[in-house]
Amino acid sequence: MRPYVFVNCAMSADGKISTIERRQVKISGKDDFDRVDRIKAGTDGIMVGIGTVLADNPSLTVKSADRKAERSASGRDENPVRIVVDSMARTPADADILVKGSGRRIIAVSAAAPADRVNTLRNRAEVIVLGERSVDLTALMDALGERGIGRLMVEGGGTLIWGLFAAGLVDEFRTYIGSVVIGGSAAPTPVDGEGFFRESDFPRLSLKGIERIDDGVLLTWSVEK
Ligand SMILES: NC(=O)c1ccc[n+]([C@@H]2O[C@H](COP(=O)([O-])OP(=O)(O)OC[C@H]3O[C@@H](n4cnc5c(N)ncnc54)[C@H](O)[C@@H]3O)[C@@H](O)[C@H]2O)c1
Ligand SMILES: Nc1nc(=O)c(N)c(NC[C@H](O)[C@H](O)[C@H](O)COP(=O)(O)O)[nH]1
């Protein structure tokens with residue numbers, strides 16, 4: 001069975017998730033980062049695209065000692081399984097996601113990924129090859145389900161989130177809107193990629209929650225199937 005997939009991302013008041021140079025910016029405040037840590041601690045897996053690894057070098061670890069202890073006490077790893085979608089196996093061998101914290105890592109690559117880079121990554125993570133030139137996200141979800149991942153959090157970026165929406169794989173979409181303006185017509189947004197052309201293809205959402213956090217607002221949408 002495929003995991004329940006929820007996307008969580010933070011955008012500026014003008015709908016950007018980073019600067020035009022793809023430089024990471026703090027959009028969330030302290031309470032929102034704590035919320036992110038709480039939901040991360042409650043998931044089986046957490047996924048990002050290679051663009052996010054190269055831009056932000058996230059570790060995707062659970063930060064709170066209490067939450068890590070709680071996970072360990074229930075027989076789980078301190079961190080959810082960390083997953084990178086990386087068609088050409090560009091994840092650096094010293095990326096924080098590979099070297100920081102304990103727990104499993106999965107790197108999903110395509111058949112076009114150079115063998116030497118794939119072999120290097122195999123020393124640090126489970127590498128799954130799916131798709132010809134880009135990763136087949138539907139097959140990846142099936143593979144994650146087979147590995148026992150029931151709840152999957154996706155942190156971005158916009159290209160990966162687009163791919164997931166385009167494949168009809170998103171169940172829930174959570175956007176935190178922070179009190180900052182970033183601007184730039186080419187700055188990344190929560191959903192980038194090619195975009196949908198026909199209105200009939202737009203994923204339809206249903207608003208499930210509105211919450212004020214820090215000086216911004218969290219919107220929780222479910223995706224109608
Ligand atoms: N504010 C936030 O919440 C937040 C969260 C994460 C990332 N970001 C920002 O997002 C930016 C990075 O986003 P991005 O769009 O460049 O990269 P991304 O993280 O979305 O990764 C995209 C990559 O995923 C891989 N991929 C493989 N198969 C795919 C498929 N079928 N569909 C889609 N992608 C596939 C490709 O190699 C592609 O280049 C950075 O600037 C980062 O700071 C912001
Ligand atoms: N929720 C959220 N608010 C933000 O303001 C912001 N810039 C991100 N960005 C996501 C980023 O790509 C990383 O996922 C996190 O920063 C976690 O990374 P760490 O585990 O702390 O290394 N996410």
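Let's start with ligand 2, which has 17 residues around it. The closest of them are Ile-27, Ser-28, Asp-56, Lys-63 and Glu-155. Keep in mind as we go that this is a predicted model.

What holds the attention here is a set of polar contacts. The side chain of Ser-28 brings an N or O atom to 2.6 Å from a nitrogen atom of ligand 2. The backbone takes part too: a polar backbone atom of Ser-59 is 2.7 Å from an oxygen atom of ligand 2, and a polar backbone atom of Leu-60 is 2.8 Å from an oxygen atom of this ligand. On its own, ligand 2 has 530 Å² of accessible area, and the protein covers 83% of that.

Where does ligand 2 sit? You will find ligand 2 in the largest pocket. Two elements give two or more residues each to its shell, namely α1 (30-41) and α2 (50-56). The top contributor is α1, which gives 3 residues. Sorted by class, the shell around ligand 2 holds 7 nonpolar residues, 5 polar ones and 5 charged ones.

Leu-60 deserves a second look. This residue lies in the loop between α2 and α3 (65-73), and its phi is near 60°, a positive value in a residue other than glycine. Most residues other than glycine have a negative phi. So, if you are following the loop after α2, Leu-60 offers both a positive phi and a backbone contact of 2.8 Å to an oxygen atom of ligand 2.

Now turn to ligand 1. How many residues surround ligand 1? There are 25, and the closest are Ser-18, Arg-22, Thr-52, Asp-56 and Thr-159. You have met Asp-56 already, as it is also listed among the closest residues to ligand 2.

The contacts of ligand 1 again involve both side chains and backbone. Arg-22 places a polar side-chain atom 2.5 Å from an oxygen atom of ligand 1. Asp-56 does likewise with a polar side-chain atom, at 2.8 Å from an oxygen atom of the ligand. From the backbone, a polar atom of Val-135 is 3.0 Å from a nitrogen atom of ligand 1. The protein covers 85% of the 870 Å² of accessible area that ligand 1 has on its own.

The space that ligand 1 takes up is the largest pocket, and ligand 2 sits in the largest pocket as well. The elements giving two or more residues to the shell of ligand 1 are β1 (4-11), α2, β6 (151-156) and α7 (158-166). Here α2 gives the most, with 5 residues. That shell divides into 10 nonpolar, 11 polar and 4 charged residues. Notice that α2 appears in both stories, as one of the elements that give two or more residues to the shell of ligand 2 and as the top contributor for ligand 1.

Between β6 and α7 there is a loop, and Gly-157 is found in it. The peptide bond from Gly-156 to Gly-157 is cis, with omega near 0°. Most peptide bonds are trans.

Finally, step back to the whole chain. An unreviewed UniProt entry annotates residues 3-219 as the domain "Bacterial bifunctional deaminase-reductase C-terminal". Over that stretch the chain is 27% helix and 24% strand, and the C-alpha atoms at its two ends are 22 Å apart.

Definitions and conventions. Residues numbered from 1 in each chain as written. Chains lettered and ligands numbered in written order. Predicted model: local features only at pLDDT ≥ 70, side-chain atom pairs only at ≥ 80, totals over all residues. Heavy atoms only, no water. UniProt positions renumbered as here; feature names shortened; annotations may be inferred. Helix = DSSP H or I, 4+ residues; strand = E, 2+ residues; numbered from the N terminus. Near = heavy atom within 4 Å. Polar contact = N/O pair within 3.5 Å; in protein donor to acceptor, adjacent residues only side chain to side chain. Areas by Shrake-Rupley, 256 points an atom, 1.4 Å probe, with all protein chains shown as cover. 1 Å grid on protein atoms, 1.4 Å probe; cavity = no way out; pocket = protein on both sides within 12 Å on 5 of 7 lines; lining within 4 Å. Sits in = over half its atoms within 2 Å of the grid points. Nonpolar A, V, L, I, M, F, W, Y, C, P; charged D, E, K, R; others polar.
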